[in-house]
Amino acid sequence: MALLNADLHCHSTVSDGTLEPEALAARAHANGVELWALTDHDEVGGQHRAAAAARALGLPYLCGVEISVTFAGLTVHIVGLGIDPDDAQLVQGLAATRGGRERRARAMAEQLAAVGIRGAFEGALRYVGNPELISRTHFARYLVETGVCSDTHEVFRRFLTEGKPGFVEHQWARLGDAVRWIRDAGGIAVLAHPARYAHPTPTHEYALLAEFKAHGGQALEVVTGSHSSAEIARYADLALEFGLAASRGSDFHSPAESHCDLGALPYLDGRLTPVWELLAHRVLH
Ligand code: AMP
Ligand code: MN
Ligand code: MN
Ligand code: MN
C-alpha cells in the first residue's frame with residue numbers, strides 16, 4: 001500500500017488555489033492519482049463538489065481540510081483527512097478560524113501602502129474566490145500582476161513574511177482545538193509540511209511533535225511538494241520515532257505557481273504506515 005499514488009493535500013478557488021474543485025478532480029485523475037483529497041485552508045465549502053466530481057471519475061476520495069494553527073508563536077498547518085464536512089463543531093471552528101482574515105488583510109494593505117504599494121486590498125480581492133478566505137497568496141498574485149515582483153515566491157521573500165512590510169501577526173486556532181475538531185468529525189489529523197516551519201530551536205520542533213501527538217494527532221506529512229529528498233528522509237525517521245503514520249500530498253495550488261503537480265510525488269518509504277491504511281473506512285467511492 002506504500003506504492004499508492006495518493007495525493008492528500010491541495011487547494012481550490014474555495015481557498016487560495018486557482019482551479020475549481022471539479023477541475024482539480026479532473027487534473028488529479030488525468031495525472032494518475034489513485035486516492036485524492038481536497039484540503040482548502042480553514043474551509044470545507046468545496047467538499048461536496050470535490051467528492052461528487054471524484055465519484056463521477058471513479059476516483060476514490062477523502063474529505064479534507066487544512067487548518068491554520070498558532071503554536072508557541074508560530075503558524076503551523078494541520079491537515080484533517082477523512083472528516084465529515086458537515087460536522088457542526090468542525091464547521092463552527094473553521095468559521096471562527098477564518099473570521100479575522102478580512103481585518104488582517106486590511107492591515108496588510110495598510111503596511112504595503114506605507115512602502116508605496118497602493119490598492120493591495122482591492123487588488124488582492126480580485127483573485128479571491130471565497131470572500132471569507134482572503135489569504136496572503138491573493139496579495140502575492142496582485143503584486144506579481146502589478147510587476148512589483150516577478151513571481152509569488154519573491155513576494156513572500158520580500159513582503160509577506162515575518163519582519164517584512166505586509167506581514168501582520170495573526171492568532172489562528174489552537175493546536176488542541178484543531179486536532180479535536182478533526183478527530184470528532186471522524187478524521188485523522190496530519191501535521192502538514194513539517195520542514196516548512198522556522199522553529200526557533202530544535203526543542204521547539206520536538207515540543208510541537210510531542211504536543212501534536214498528545215492531543216491525538218496521528219500522522220506526519222512526510223512527502224509533500226515543498227520537501228527536498230533530505231527533508232523527506234528526515235521526517236520519515238521522525239514519523240517512525242514518534243509513532244506517527246505518514247501522509248503524501250503535493251500542496252498543489254495552481255498550474256502557473258506550483259512546482260509540484262497533483263500526483264507527481266515520490267512514493268512513501270515502505271517502512272512507514274501510510275495514513276490511508278487508517279482511513280479505509282472513510283474513503284468515498
Ligand atoms: P495565509 O493563510 O493567508 O497566511 O497564507 C498562507 C499561504 O501562503 C500558504 O498556504 C501558501 O499557499 C502561501 N505561501 C506561504 N509561504 C509561501 C512562500 N514562501 N512562497 C509561496 N507561497 C507561500
Ligand atoms: Mn495556500
Ligand atoms: Mn500549508
Ligand atoms: Mn496547503
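This report covers the metal sites, the nonpolar cores and the cavity of one protein chain, in a predicted model.

**Metal sites**

Two manganese ions are described here through their protein donors.

| Ion | Protein donors | Distance | Spacing in sequence |
|---|---|---|---|
| manganese ion (ligand 2) | Asp-16 (OD), His-41 (NE2), His-253 (NE2) | 2.1 to 2.2 Å | D-x24-H-x211-H |
| manganese ion (ligand 4) | His-9 (NE2), His-11 (NE2), Glu-66 (OE), Asp-251 (OD) | 2.1 to 2.2 Å | H-x1-H-x54-E-x184-D |

The manganese ion (ligand 4) lies 4.6 Å from the manganese ion (ligand 2). At the ligand 4 site, His-11 belongs to the loop between β1 and α1 and Asp-251 to the segment after β7, so this pair ties together parts of the chain that are 240 residues apart in sequence. Are these two residues buried or exposed? His-11 has 0% relative accessibility and therefore counts as buried. Asp-251, at 17%, also counts as buried, because the limit for that label is under 20%.

A third ion, the manganese ion (ligand 3), is 5.6 Å from the manganese ion (ligand 2). Among the donors of ligand 2 are Asp-16 and His-253. Asp-16 sits in the loop between β1 (6-7) and α1 (21-30), while His-253 is in the segment after β7 (245-249); the pair links distant parts of the chain, 237 residues apart. Both Asp-16 and His-253 are buried.

**Nonpolar cores**

Which residues have the most contacts inside the largest nonpolar core? They are Leu-8, Trp-36, Ile-67, Val-69, Leu-220, Val-222 and Val-275, in a core of 74 residues. Helix α10 (residues 229-242) supplies the largest share of this core, with six residues. A second core is separate and has 19 residues, including Val-128, Cys-149, Val-155 and Phe-159.

Val-69 can serve as an example from the largest core. Setting aside neighbours within four places in sequence, Val-69 is in contact with Leu-74, Thr-75, Val-76 and Ile-78, and also with Trp-172, Ala-173, Arg-174, Leu-175 and Ala-178.

**Cavity**

How many cavities of 30 Å³ or more does the model contain? The count is one. The largest cavity holds about 30 Å³ of space. Its lining is formed by Ala-51, Ala-54, Arg-55, Leu-59, Tyr-61, Leu-284 and His-285. By type, the lining of the largest cavity has five nonpolar residues, one polar and one charged. Arg-55 is part of this lining and counts as charged because Arg is placed in that class.

Methods:
Residues numbered from 1 in each chain as written. Chains lettered and ligands numbered in written order. Predicted model: local features only at pLDDT ≥ 70, side-chain atom pairs only at ≥ 80, totals over all residues. Heavy atoms only, no water. Donors = N, O, S within 2.8 Å, 3.2 Å for Na, K, Ca; no water. Helix = DSSP H or I, 4+ residues; strand = E, 2+ residues; numbered from the N terminus. Buried < 20%, exposed > 50% of the residue type's maximum accessible area, 1.4 Å probe, protein only. 1 Å grid on protein atoms, 1.4 Å probe; cavity = no way out; pocket = protein on both sides within 12 Å on 5 of 7 lines; lining within 4 Å. Points joined across faces, edges and corners; volume = space filled by probe spheres on them. Core = buried A, V, L, I, M, F, W, Y, C linked by side-chain atoms within 4.5 Å. Contact = heavy atoms within 4.5 Å.
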